[in-house]
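Trainee: Before I use the labels in the annotation, I would like to see what each one rests on. Can we take them one at a time?

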Amino acid sequence: MTEPVLKVENLSKKYGDTLVWDQVNAQVMPGQVISIIGPSGAGKSTFLRCLNMLETPTSGKIFYHDQEVTQMKDKELQSLREHVGMVFQNFNLFANMSVSDNICLALKKVKGLDEAAAKDKALALLKQVGLADKADSYPSSLSGGQQQRVAIARSLAMDPEVILFDEPTSALDPEMVGDILKIMQELAEQGMTMVVVTHEMSFAKNVSDEIWFMADQQILEKGSPASFFQKPQTERAQDFLDKVLNL
Amino acid sequence: MFSFLGKYWTLFLQGTVTTLLVSVIGVITGFLLGLLLTMMRQSQNKILRGIATAYIAIMRGTPSMIQVMLLYYVLATALPLPQSQVMGTGLDRIIPGALALGLNSGAYVSEIFRSGIISIPKGQTEAGLSLGLSRRDTFYSVVLPQMLHNTIPALGNEFITLIKESSVLFYIGVNEVTAEALGVGGTLYDYIPPLVVAAIIYFIITQLLAWLLHLLEKHLSSKY
């Protein structure tokens with residue numbers, strides 16, 4: 001029997017007195033692509049950011065395989081984050097470094113590669129995302145779509161087991177969205193385990209294996225895209241789908 | 001009006017070199033101390049943070065003239081500083097004087113660095129952490145270089161202030177430009193022309209520094 005890569009038990013998050021979500025349970029199996037969708041403010045990004053402990057949940061447990069993430073100290077968190085990559089809405093490329101240095105930094109500092117080996121790997125990844133010619137450019141000279149492609153390459157450089165995508169296309173010009181979704185689809189086809197917070201319903205529907213619908217301080221529904229989009233179980237989800245699909 | 005320069009120009013030259021010397025030492029000390037204080041304030045250790053915060057409060061809250069004089073008298077009594085002369089001033093005055101400038105400036109530099117750090121988006125740190133980098137590596141490789149880059153204009157301002165403030169070293173007998181101008185003025189029974197000369201010298205030095213910083217800024221911003 002396969003074990004989940006990530007597992008969440010009774011996880012709750014409060015900001016002061018405000019409850020973001022309460023007693024959430026969920027798990028991610030190897031190779032699964034999960035889309036987290038739901039209304040703004042439901043805490044989707046917060047949930048995602050708890051999975052690699054960029055945010056600390058208020059109570060409950062998170063497991064990466066059999067290791068309890070919620071107990072980890074700095075050193076263990078570093079090694080967790082090596083295996084659980086993240087792609088951000090605003091790309092967050094290091095502004096003071098060239099594109100290739102953005103990818104090389106963690107290869108050198110975390111993986112211990114030497115300059116030449118890091119550079120080789122960076123160039124191969126840039127080629128994969130179609131940006132080999134931009135290796136020496138600085139992030140500020142790239143378009144949003146290009147920056148996000150570099151960010152994905154940077155994350156892939158660590159050979160992560162899972163990648164968390166936090167609204168990866170929300171900050172992009174519409175014509176750039178397709179490029180990023182295509183790369184993500186390719187990753188999914190290669191068997192990468194992915195958890196994606198997204199507003200791209202076509203991606204959620206066509207690429208993911210499972211939909212998590214977050215609203216009302218819960219994951220209200222979990223299910224296959226086919227069942228969720230055709231027959232949502234709750235009125236809340238039906239209402240959400242009516243609004244996003246019938247524009 | 002400036003014919004006295006024929007006779008006294010060597011004094012102004014000595015004073016200028018002394019001003020430059022104490023300023024360079026002050027700027028370097030201030031920069032390094034500012035960096036140290038910034039790191040102390042970033043640290044998880046409460047005591048280090050407390051020391052840095054208190055230090056900054058005291059340095060900003062007391063007159064630099066008193067700081068200079070206190071440091072001079074304390075060091076002069078506590079340590080056997082070398083008496084040898086540099087440009088007509090004993091090292092036992094130049095060292096505490098330059099150091100005092102740096103100790104004062106460090107507090108302001110640290111405040112500049114703090115605002116520099118605040119101005120860097122949190123996402124930069126999060127991106128570093130999310131790749132498995134340590135907080136330390138993220139700070140040194142990502143945050144610190146951007147902070148230095150962003151604070152160059154404000155640092156330039158601080159260093160220009162320091163150069164002008166170095167005139168307070170007159171009070172502990174450092175023969176920098178202002179002291180020399182006052183000396184020459186006393187001899188001539190006319191303070192205005194030598195003070196004007198001193199002012200022009202400060203102006204040239206600070207303009208030169210501003211120009212150098214501008215070049216540095218341009219050089220760096222051409223990258224990102």
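Trainee: How many salt bridges does the structure hold over all chains?

Mentor: The count over all chains is 14. This is a predicted model, in which local features need pLDDT of at least 70, side-chain atom pairs count only at pLDDT 80 or more, and totals for chains, interfaces and linings use all residues. Residues are numbered from 1 along each chain as its sequence is written, chains are lettered from A and ligands numbered from 1 in the order in which they are written, and side-chain values use heavy atoms, with hydrogens and water left out.

Trainee: What makes the pair A:Glu55 and A:Lys13 a salt bridge?

Mentor: The term asks for a side-chain nitrogen of Lys or Arg within 4 Å of a carboxyl oxygen of Asp or Glu. For A:Glu55 and A:Lys13 the N to O value is 4.0 Å, so by that rule the pair is a salt bridge. A:Glu55 belongs to the loop between H1 and E4 of chain A and A:Lys13 to strand E1 of chain A, so the pair ties together parts 42 residues apart in sequence. The element names are DSSP runs, numbered from the N terminus: helices are H or I of at least four residues, strands E of at least two.

Trainee: Which salt bridge joins chain B and chain A, and how do you know that the label fits?

Mentor: The count between the two chains is one. The side chains are those of B:Glu126 and A:Arg49, at 2.6 Å, N to O; an Arg nitrogen and a Glu oxygen at that value satisfy the rule, so the label fits.

Trainee: Which helices of chain B supply the side that touches chain A?

Mentor: Helix H5 (122-130) and helix H6 (135-165) of chain B each supply at least two residues. H5(B) gives the most, with seven residues. By class, that side of chain B divides into seven nonpolar, eight polar and four charged residues.

Trainee: What makes a residue part of the contact, and how many does each chain give?

Mentor: Contact means heavy atoms within 4.5 Å. The contact takes 26 residues from chain A and 19 from chain B. The buried area, which is the accessible area (1.4 Å probe) that two parts lose on being put together, summed over both, is about 1900 Å² here, and carbon and sulfur atoms give 60% of it.

Trainee: What makes B:Arg41 and B:Ser110 a polar contact?

Mentor: A polar contact is a pair of N or O atoms within 3.5 Å; within protein, one must be able to donate a hydrogen and the other to accept it, and residues adjacent in sequence count only if both atoms are side-chain atoms. The side chains of B:Arg41 and B:Ser110 stand at 3.1 Å, so the distance meets the cut-off. B:Arg41 sits in helix H1 (residues 5-42) of chain B. Leaving aside neighbours within four places in sequence, its contacts include B:Glu111 and B:Arg114. Across the interface of chain B and chain A, the rule finds six residue pairs in polar contact, both at pLDDT 80 or more.

Trainee: How do you know that E1(A) and E2(A) pair, and in which sense?

Mentor: Two strands pair if DSSP finds at least two bridges between them. Strand E1 (residues 6-15) and E2 of chain A have seven bridges in the antiparallel sense, so they pair. Within this pair, A:Leu11 stands opposite A:Val24 in E2(A).

Trainee: Why are E2(A) and E5(A) called edge strands?

Mentor: The open sheet runs E2-E1-E4-E5 in chain A, with antiparallel pairing. Strand E2 (18-28) and strand E5 (67-68) each have a single partner strand, so one side of each is left without a neighbour in the sheet.

Trainee: Why is the pairing in the six-stranded sheet of chain A not described by one sense?

Mentor: The order is E6-E7-E8-E3-E9-E10, and the pairing is mixed. The edges are strand E6 (84-87) and strand E10 (218-223) of chain A, each pairing on one side only. The twist averages 20° from one strand to the next, with axes being lines fitted to C-alpha atoms, for helices over the stretch in contact, and angles running from 0 to 180 degrees between N-to-C directions. One pair in the parallel sense is strand E3 (residues 33-37) with strand E9 (residues 210-215) of chain A, over four bridges; there A:Ile37 has A:Phe213 as its bridge partner.

Trainee: Which strands does helix H6 of chain A lie across?

Mentor: H6(A) (residues 174-189) lies across E3, E7 and E8 of chain A, at about 145° to E8(A).

How values were computed
Ala, Val, Leu, Ile, Met, Phe, Trp, Tyr, Cys and Pro count as nonpolar, Asp, Glu, Lys and Arg as charged, and the others, Gly among them, as polar.
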